[in-house]
Amino acid sequence: MASKSRRLSGLEISLIVLFLLMTAVSVALITVLALKQESDKKEEVTPEEPSPSVTPPEKPYLIGVGRADCTGPVADLPMMGYANTDQTARGLHTRLFSRAFIVDDGNKRVVFVTSDIGMVSQRLRLEVFQALKEKYGDLYRQDNVVLSGTHTHSGVGGYFQYTLFMITSKGYIKPSIQAIVSGIVKSIDIAHRNLRPGRIFINKGQVADSNFNRSPHSYMNNPEEERNRYEFNTDKQIVVLKFTDLDGDGIGLLSWFAVHPVSMNYTNRMVSSDNLGYASYIFEQEKNIGFLPGEKGPFVAGFSSSNLGDSSPNIRGPVCVNTGLKCDYINSSCPVGGKKACIAFGPGEDMFESTRIIGENMFKIAKELYGSAKQELHGPVYGAHQWVNMTDETVQFNSTHTGRTCKPALGHSFAAGTTDGGGEFNFLQGDTEGDPFWDGIRDAVLGPPSNETKACHQPKPILFSTGEMDSPLPWHPAIVDVQIITIGSLAVVAVPGEFTTMSGRRIREAVKRELEVKEPFTNAEVVVAGLCNIYTHYITTYEEYQIQRYEGASTIFGPHTLSAYIQRYRGLAKAIAHGTIGELPKGPEPPFFDEDKLFNQVRDPVADVAPVGTTFGDVLQEVNPVYKVGEIASVTFVSGNPRHSGDIRDTTLVTVERFHNDTGSWEIIHNDASWETRFHWIKGLAGRSQAKVEWHIPQTAQAGTYQIQYFGHYKQTTENTTVITPYVGTSAAFKVARSFYYF
Ligand code: ZN
């Protein structure tokens with residue numbers, strides 16, 4: 001294969017980027033969305049129900065919780081999710097955090113980490129383990145640490161080592177991956193330091209009106225008797241863990257719910273933790289009274305991803321944006337505008353409101369379940385992990401029939417994207433035919449798939465035979481992590497990608513059956529944790545795969561991918577139940593490519609330039625003298641490129657401050673992690689840029705005098721020196737009035 005023996009030229013890479021990905025044309029279709037100002041009403045706080053006052057267990061768990069900032073660069077780099085290299089970061093709405101939970105049974109220890117990132121990549125996991133090994137030796141290992149991503153589509157990429165993902169991220173970007181690695185490790189450090197005896201309660205309930213199935217046509221291809229066992233075609237269940245100390249005081253919450261964090265759509269340019277992140281944010285804000293978001297407030301609330309593969313939060317469903325009519329059911333396209341016109345929205349009037357509503361829905365149910373949790377987890381903890389060569393698995397269906405997994409490949413419908421956004425050219429979902437035009441281009445640029453791979457992936461028409469492309473590095477992984485950790489009767493199945501609803505149900509059931517033969521698992525609760533450890537796109541059922549919508553086209557190891565995983569996870573569960581974890585083979589170690597073999601197409605930003613007669617931090621557009629609650633206070637400063645601020649973790653780029661007459665001092669009431677603040681970076685020509693800061697004044701704001709500040713850095717270069725200088729922009733003082741009218 002030509003692509004195997006040579007490096008890709010710049011032109012080829014550009015062609016691929018163009019081919020693979022999506023132009024800005026699509027943006028125009030969504031600009032109909034006007035940004036509506038939020039009225040951020042605070043919920044009435046109901047007092048927390050005390051924990052059941054049974055005597056603490058004789059041998060309590062040791063529990064540690066920790067949260068750390070993992071926000072990377074907020075400018076110029078592509079966001080990871082919609083695979084649109086034009087969707088680069090231009091500011092910050094909410095910060096990204098890593099949240100770690102350690103549980104120790106006095107003998108063994110397990111760690112679950114959920115981070116506000118698109119997905120955990122193999123590169124990220126391996127780099128985290130390098131750092132953990134240095135600090136902790138063999139305490140935190142492959143088998144007892146799960147790393148999960150929430151799947152927000154509004155964090156930046158750049159933390160991958162396989163070619164396809166490097167292309168969509170414009171390469172391996174050191175400042176991006178460093179922020180995430182450091183944030184994850186720091187969250188574990190904090191949890192490690194505050195380990196204390198405590199108790200864990202489990203509860204579950206249903207979250208309504210927060211997800212819908214975006215590929216019902218695929219789902220309906222699952223056997224009828226299987227579908228009849230479920231009321232809905234997405235999972236509505238949320239599972240909540242409540243962590244307390246021995247006095248019953250809450251120290252943390254951890255939950256799993258299956259919904260895509262794509263409430264923020266691909267027109268968004270601000271870094272954001274989306275709906276799951278917002279649920280964590282409000283839970284923590286309610287518990288950590290007196291702390292600004294992200295500060296050292298001790299309570300940690302993790303809302304983690306689950307089997308969200310076909311589960312969308314845009315619950316008004318897909319419509320043709322130009323006609324308001326229903327899209328085609330089979331391939332999600334419109335008579336006018338094709339599939340790009342078929343977009344799912346809601347439930348809010350704009351993406352911010354949608355994020356808030358979905359986040360609040362999860363928060364409210366989680367809070368009720370947290371308050372009423374009575375069932376306590378008891379018993380040992382276990383962790384079981386293997387590396388599996390997923391290109392070479394044989395599935396034993398029965399004594400005579402077997403199936404095989406394939407070398408990775410993406411189908412035509414992968415390039416169609418979904419009704420949540422993305423997709424380019426004339427690719428449609430539900431394509432089992434392919435398109436000779438694109439096949440021709442592919443063959444010319446990348447080489448055709450082998451007959452073996454074509455046959456293996458049937459009925460998928462292959463667009464990219466990624467398993468047969470290894471220039472400059474393999475395009476997709478072959479070695480994949482499978483892992484289960486258990487805490488008492490709870491099993492967390494850590495899956496390497498996006499399982500669809502039915503895939504998640506099948507794997508939960510299979511794992512439960514293996515576990516329930518032994519104590520403490522006779523009444524096991526099994527949850528799927530999504531986007532864990534390594535990213536391998538989607539995993540559909542065999543039947544869903546036949547339909548070849550986006551999710552099936554993105555099931556990269558072929559039609560028997562799910563069956564192969566079920567076999568492997570059953571093996572892990574069996575080993576846990578029967579106490580034979582030590583006998584599990586570790587499997588083949590994944591590669592860790594030398595850094596100089598990874599490519600990076602992102603150049604350092606140019607030096608910053610302030611317009612003549614101004615300096616950095618000067619106000620270009622001043623605030624109004626008076627605002628009322630519900631309005632937006634806005635100020636624009638002369639700025640540098642935010643990437644010149646370097647590692648921005650544990651800082652703030654923005655403050656909103658209130659003046660206290662009695663002390664004559666300013667009090668910070670919001671930082672850049674606050675929902676109420678938005679920082680838009682406006683990139684100008686040749687290093688001339690602006691920072692626009694908005695404060696969406698909540699209804700709860702007190703009347704008084706306020707100011708907004710922006711903290712940046714600018715870069716100046718001479719022939720042989722580079723100087724980075726901090727600066728501060730400060731708005732004029734302004735008033736907030738509760739109301740202009742008195743009735
Ligand atoms: Zn996804």
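**Exercise 1. Find the salt bridge that joins the side chains of Asp672 and Arg95, and place it in the domain layout.**

Step 1. Asp672 and Arg95 form a salt bridge through their side chains, at 2.6 Å from N to O. The model is a predicted one.

Step 2. Look up the domain bounds. The assignment gives domain 1 as 61–391 + 475–597 and domain 2 as 619–737. Arg95 therefore falls in domain 1 and Asp672 in domain 2, given bounds taken from an automatic or database assignment.

Step 3. Count such pairs. The rule finds 3 salt bridges across the interface of domain 1 and domain 2.

Step 4. Widen the count to polar contacts. Between domain 1 and domain 2 there are 12 residue pairs in polar contact, both residues at pLDDT 80 or more.

Step 5. Assign elements. On the side of domain 1 that touches domain 2, two or more residues each come from strand S2 (75–78), strand S3 (88–92), helix H6 (174–193), helix H9 (274–287) and helix H10 (351–372). H6 gives the largest share, 4 residues.

**Exercise 2. Describe the extent of the interface between domain 1 and domain 2.**

Step 1. Start with the centres. The C-alpha centres of the two domains are 33 Å apart.

Step 2. Count residues. Contacts involve 28 residues of domain 1 and 24 residues of domain 2.

Step 3. Take the area. Interface size is often expressed as accessible area lost when the parts come together. Here domain 1 and domain 2 bury about 2300 Å² between them, with 57% of it on carbon and sulfur atoms.

Step 4. Find the main contributors. In domain 1, Arg90, His93 and Arg95 lose the most area to domain 2; together they make up 25% of what that side buries.

**Exercise 3. Which residues does UniProt list for "binding site", and how are they arranged in space?**

Step 1. The UniProt record lists His151, His260, Glu498 and Tyr538. They spread over 388 residues of sequence, yet cluster in space, with a largest C-alpha distance of 12.5 Å.

Step 2. Examine Glu498. Glu498 sits in strand S23 (residues 498–499). Its relative accessible area is 1%, so Glu498 is buried. Its contacts beyond four places in sequence include His151, His260 and Tyr538. The Glu498 side chain makes a polar contact of 2.5 Å with the side chain of Tyr535.

Step 3. Examine Tyr538. Tyr538 belongs to strand S25 (residues 538–539). At 4% relative accessible area, Tyr538 is buried. Among its contacts outside four places in sequence are His260, Gly309 and Glu498. The side chains of Tyr538 and Arg214 are joined by a polar contact of 2.8 Å.

Terms used:
Residues numbered from 1 in each chain as written. Predicted model: local features only at pLDDT ≥ 70, side-chain atom pairs only at ≥ 80, totals over all residues. Heavy atoms only, no water. UniProt positions renumbered as here; feature names shortened; annotations may be inferred. Buried < 20%, exposed > 50% of the residue type's maximum accessible area, 1.4 Å probe, protein only. Contact = heavy atoms within 4.5 Å. Polar contact = N/O pair within 3.5 Å; in protein donor to acceptor, adjacent residues only side chain to side chain. Buried area = accessible area lost by both parts, 1.4 Å probe. Salt bridge = Lys/Arg side-chain N within 4 Å of Asp/Glu carboxyl O.
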